[in-house]
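Trainee: I'd like to learn how to read strand pairing and helix packing from a model. Can we go through one together?

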Amino acid sequence: MKHLKSILLVAVALLVTVGLSAKPKIRIIATGGTIAGISTTSASSAYTAGQVGIQTLLDAVPQILNLADISGEQLVNIGSQDMNDEVWLKLAKRVNELLNKEGYDGVVITHGTDTMEETAYFLNLTVKSDKPVILAGSMRPSNAISADGPANLYNAVAAAVSPKCRGIGVLCCMNNQLLDAKTVIKTHTIDCDTFEGGPSGIIGYIYNGEAHILQTPNNKHTKESVFDVSKLEKLPKVGIVYGYANASALPMQAFVDAKFDGIVLAGVGDGNFYKDVFEVAVKAQNKGIQIVRSSRCPTGPTCLNSEVDDEKYHFVAALNLNPQKARVLLMLALTKTHDWKEIQEFFLEY
């Protein structure tokens, strides 16, 4: 009996030891982008995005195997200028499967930088888990001198395995920084330090393979989000119209004629319209096409009922969302309702 008890105690101790030493299980989903790009020479600025596959990316950073139990998959291999609704839906569904059904502890997504902020925000509204989801990319192709992709990928995995990154929504990891999906913006066309966190700043940073969190977002996201894409095969059609002096009404009218479900204005100042564009926007809203006012200004809110009487025209103010993220939220909002007041509430909450 004593011998049996000793065996059982040893077995329990071994199980505990194995459990404590087991590495987090992280899945890396590759979608292409500059991080998977190849330039004509290592010193050239001319390159083609989305050329190398997931295994090549993993082989370039063997150090990530010290952080986690790593596996990878290739979802698509495109430049992020070609990101579209079909890929977004496929990506959101796959991330939810990995985190909620397949037992992964976190997901890292390699992605081009051009539309990374939009993909991050879309996932922030559609992923139903508090486990870390981290997007990483690069500003230099994989074979460039001082390519930034490997370091960004390593840091993204470090964030994905960190308990500190649970429950704070989808993050972007670039240039040692962690940025919130709602506020992250690409600010420079070619510089490695292109991503910023807007007025609220960065969420945190990675140093020596450790995540350090400085603040947490206060908007609804992930598990708190009401948006569910699990059964969706397509998204509502929403376009963006850019505002400028003496603006033509033709782009706005084109979206109306094409029977788009919503239109976002990248307006001047506090989301203001040129008079000709305003007239078409009012007619569009009266036809049931939801108009959202945002601003081409890089920072600052588009205020509700300010210079434009939103309540009178049933327009929605984007508040702290830039035009491209306002488009993302409007698409998802239109899967739930066409009531402008309810849509405005979504913009207040998310």
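Mentor: Sure. Start with a single bridge: V238 has G262 in β14 as its bridge partner. Bear in mind that this is a predicted model.

Trainee: How many bridges join β13 and β14, and in what sense do they pair?

Mentor: There are five bridges between β13 and β14, and the pairing is parallel. To get from β13 to β14 the chain goes through α6, making a right-handed β-α-β crossover.

Trainee: Which strands does α6 lie across?

Mentor: Helix α6, residues 250-257, lies across β13, β14 (262-267) and β15. Its direction is at about 170° to that of β13.

Trainee: What is the strand order in the sheet that holds β13?

Mentor: Read the order across the sheet: β13-β14-β15-β16, four strands in an open sheet with parallel pairing. For the edges, look for strands that pair on one side only; here they are β13 (238-242) and β16 (316-317).

Trainee: Over how many bridges do β15 and β16 pair?

Mentor: Two, in the parallel sense, with β15 covering residues 290-295. To find the spot, look for R293, which stands opposite A317 in β16.

Trainee: Now the other sheet. What is the order of its eight strands?

Mentor: That open sheet runs β4-β1-β5-β6-β7-β8-β11-β12, and its pairing is mixed. At the edges are β4 (69-78) and β12 (210-213); each has a single partner strand, so one side of each lacks a neighbour in the sheet. As for twist, neighbouring strands are turned by 25° against each other on average, with direction ignored.

Trainee: How many bridges link β1 and β4?

Mentor: Seven, with β1 (residues 25-32) and β4 pairing in the parallel sense. Use R27 as a marker: it stands opposite S71 in β4.

Trainee: Which strands does α4 touch on this sheet?

Mentor: Helix α4, residues 116-126, packs on β5 (106-110), β6 (133-136) and β7 (171-174). The direction of α4 makes about 170° with that of β6. Then look at α5, residues 149-160, which lies across β1, β4, β5, β6, β7, β8 (177-180) and β11 (204-207). Helix α5 runs at about 160° to β5.

Trainee: On to helix pairs. At what angle do α4 and α9 cross?

Mentor: For a helix pair, take the axis distance and the angle together. The axes of α4 and α9 come within 9 Å and cross at roughly 30°. Angles under 35 degrees count as roughly parallel, so α4 is roughly parallel to α9. The crossing is right-handed.

Trainee: Which residues make that contact?

Mentor: From α4 you have E117, E118, Y121, F122, L125 and T126, and from α9 Q324, K325, V328, L329 and L332. Sorted by class, the contact of α4 with α9 has six nonpolar, two polar and three charged residues.

Trainee: And how do the axes of α9 and α10 cross?

Mentor: The axes of α9 (residues 323-333) and α10 (residues 340-349) come within 10 Å, and the crossing is at roughly 130°. The two helices are therefore oblique to each other. Helix α9 passes α10 in a right-handed crossing.

Trainee: Which residues of α9 and α10 meet there?

Mentor: On the α9 side they are A326, L329, L330 and A333, and on the α10 side I343, F346 and F347. By class, this contact of α9 with α10 has seven nonpolar residues, no polar ones and no charged ones. Notice L329, which is in the contact with α4 and in the one with α10.

How values were computed: Residues are numbered from 1 along each chain as its sequence is written. This is a predicted model: local features need pLDDT of at least 70, side-chain atom pairs count only at pLDDT 80 or more; totals for chains, interfaces and linings use all residues. Side-chain values use heavy atoms; hydrogens and water are left out. Two strands pair if DSSP finds at least two bridges between them. Contact means heavy atoms within 4.5 Å. Axes are lines fitted to C-alpha atoms, for helices over the stretch in contact, and angles run from 0 to 180 degrees between N-to-C directions. Angles under 35 degrees count as roughly parallel, over 145 as roughly antiparallel, 65 to 115 as roughly perpendicular and the rest as oblique. A crossing is left-handed if the near helix is turned anticlockwise from the far one by less than a right angle, and right-handed if clockwise. Ala, Val, Leu, Ile, Met, Phe, Trp, Tyr, Cys and Pro count as nonpolar, Asp, Glu, Lys and Arg as charged, and the others, Gly among them, as polar. A crossover is right-handed if, with the strands pointing away from the viewer, the path from the first strand over the helix to the second runs clockwise.
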